[in-house]
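Hi,

Here is the structure I promised to send over. Have a look at it first, and then read on for what I found.

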Amino acid sequence: MCFEQDDMKVSKATDIISSLGYELIISFSEKNNTQALDTIENGIVPNRGIPDSKFENQVAHRYENLGFLWKFMQERNLSKRQLSRDIGLTAGAVFTWFKSDDIAISHLYTIKDAYGVELHFSVKTK
């Protein structure tokens, strides 16, 4: 609920959770995909999967904060330009997200609404 109330960047949220000894995992999933849900109470952590290729592994390493968004775009065959059009932003905004490896959490909710998917914030111990 706190993520909906404050428009902080993913990097800041990650830093806060990390300072408490936890890891923040953000993911998108199709609606009705209960496997992707995670709660601290029951300790379920979504399966992040093993990279299918060397390329995907390199990209995941390259985007420490936005690897989940890059994966979402790859699964849907979305370019940065297409994503920007779909959410009503300039292409430069999306390119900046990936250049800086950071995004405001409010934009994640915009993406969620534009594509009709679920947005999950998971916390696990390091």
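Does asparagine 77 count as buried or exposed? At 72% relative accessibility, asparagine 77 counts as exposed, since the cut-off for that is over 50%. Keep in mind throughout that this is a predicted model.

Asparagine 77 caught my eye for its backbone too. Its place is in the loop between α4 and α5, just after α4, and its phi is near 55 degrees, a positive value in a residue other than glycine. Most residues other than glycine have a negative phi. There is a second case in aspartate 101, whose phi is also positive and near 55 degrees. That one follows α6, in the loop between α6 and α7. Aspartate 101 is buried, though, with a relative accessible area of 12%, whereas asparagine 77 is exposed.

Now the overall picture. The chain has 7 helices and 2 strands, and read along the sequence they follow the pattern α-α-β-α-α-α-α-α-β. Of the 126 residues in the chain, 38% are buried. If you take the contacts with a separation of 6 or more, residues 24 or more positions apart account for 67% of them.

Most of what I looked at sits around α5, α6 and α7, so let me start with α6.

Helix α6 covers residues 91-100, and its buried residues are Ala91, Val94, Trp97 and Phe98. They span an arc of only 125 degrees around the axis, which puts them on the same side of α6. What do the buried residues of α6 pack against? Their partners are α4 (67-75), α5 (80-87) and α7 (105-115).

Next, the helix pairs. Two packed helices are described by the angle between their axes and the distance between the axes. For α5 and α6, the angle is about 125 degrees and the axes are 8 Å apart. The two helices are therefore oblique to each other, and their crossing is right-handed. On the α5 side, the contact is made by Lys80, Arg81, Leu83, Ser84 and Ile87, and on the α6 side by Ala91, Val94, Phe95, Trp97 and Phe98. Sorted by class, that contact has 7 nonpolar, 1 polar and 2 charged residues.

How do α5 and α7 lie relative to each other, given axes that cross at roughly 85 degrees? Angles of 65 to 115 degrees count as roughly perpendicular, so α5 and α7 fall in that class. Their axes come within 9 Å. Here α5 contributes Gln82, Leu83, Asp86 and Ile87, while α7 brings in Thr110, Ile111, Ala114 and Tyr115. By class, this contact of α5 with α7 has 5 nonpolar, 2 polar and 1 charged residues.

Isoleucine 87 of helix α5 is worth clicking on. Its relative accessible area is 12%, so isoleucine 87 is buried. Leaving aside neighbours within four places in sequence, isoleucine 87 is in contact with Trp97, Thr110, Ile111 and Ala114. Which distance separates isoleucine 87 from isoleucine 111, C-alpha to C-alpha? The two are 6.4 Å apart in space, with their positions 24 residues apart in sequence.

Back in the loop between α4 and α5, there is also leucine 78. At 12% relative accessibility, leucine 78 counts as buried. Beyond its neighbours within four places in sequence, leucine 78 is in contact with Phe72, Met73, Asp86 and Tyr115. Two of those partners, Phe72 and Met73, are among the buried residues of α4, a list that also includes Gly67, Phe68, Leu69 and Trp70.

Phe68 turns up again with serine 27, which is found in strand β1 (residues 22-30). Serine 27 is buried because its relative accessibility, 15%, is under the 20% cut-off. Apart from neighbours within four places in sequence, serine 27 is in contact with Phe68, Glu118, Leu119 and His120.

If you want a place to start, I would put α6 on screen with its buried residues Ala91, Val94, Trp97 and Phe98, and then bring in α4, α5 and α7, which they pack against.

Cheers

Definitions and conventions: Residues are numbered from 1 along each chain as its sequence is written. This is a predicted model: local features need pLDDT of at least 70, side-chain atom pairs count only at pLDDT 80 or more; totals for chains, interfaces and linings use all residues. Side-chain values use heavy atoms; hydrogens and water are left out. Buried means under 20% relative accessible area, exposed over 50%, partly exposed in between (1.4 Å probe, protein chains only). Helices (H or I, at least four residues) and strands (E, at least two) are DSSP runs, numbered from the N terminus. The arc is that of the directions from the helix axis to the C-beta atoms. Contact means heavy atoms within 4.5 Å. Axes are lines fitted to C-alpha atoms, for helices over the stretch in contact, and angles run from 0 to 180 degrees between N-to-C directions. Angles under 35 degrees count as roughly parallel, over 145 as roughly antiparallel, 65 to 115 as roughly perpendicular and the rest as oblique. A crossing is left-handed if the near helix is turned anticlockwise from the far one by less than a right angle, and right-handed if clockwise. Ala, Val, Leu, Ile, Met, Phe, Trp, Tyr, Cys and Pro count as nonpolar, Asp, Glu, Lys and Arg as charged, and the others, Gly among them, as polar.
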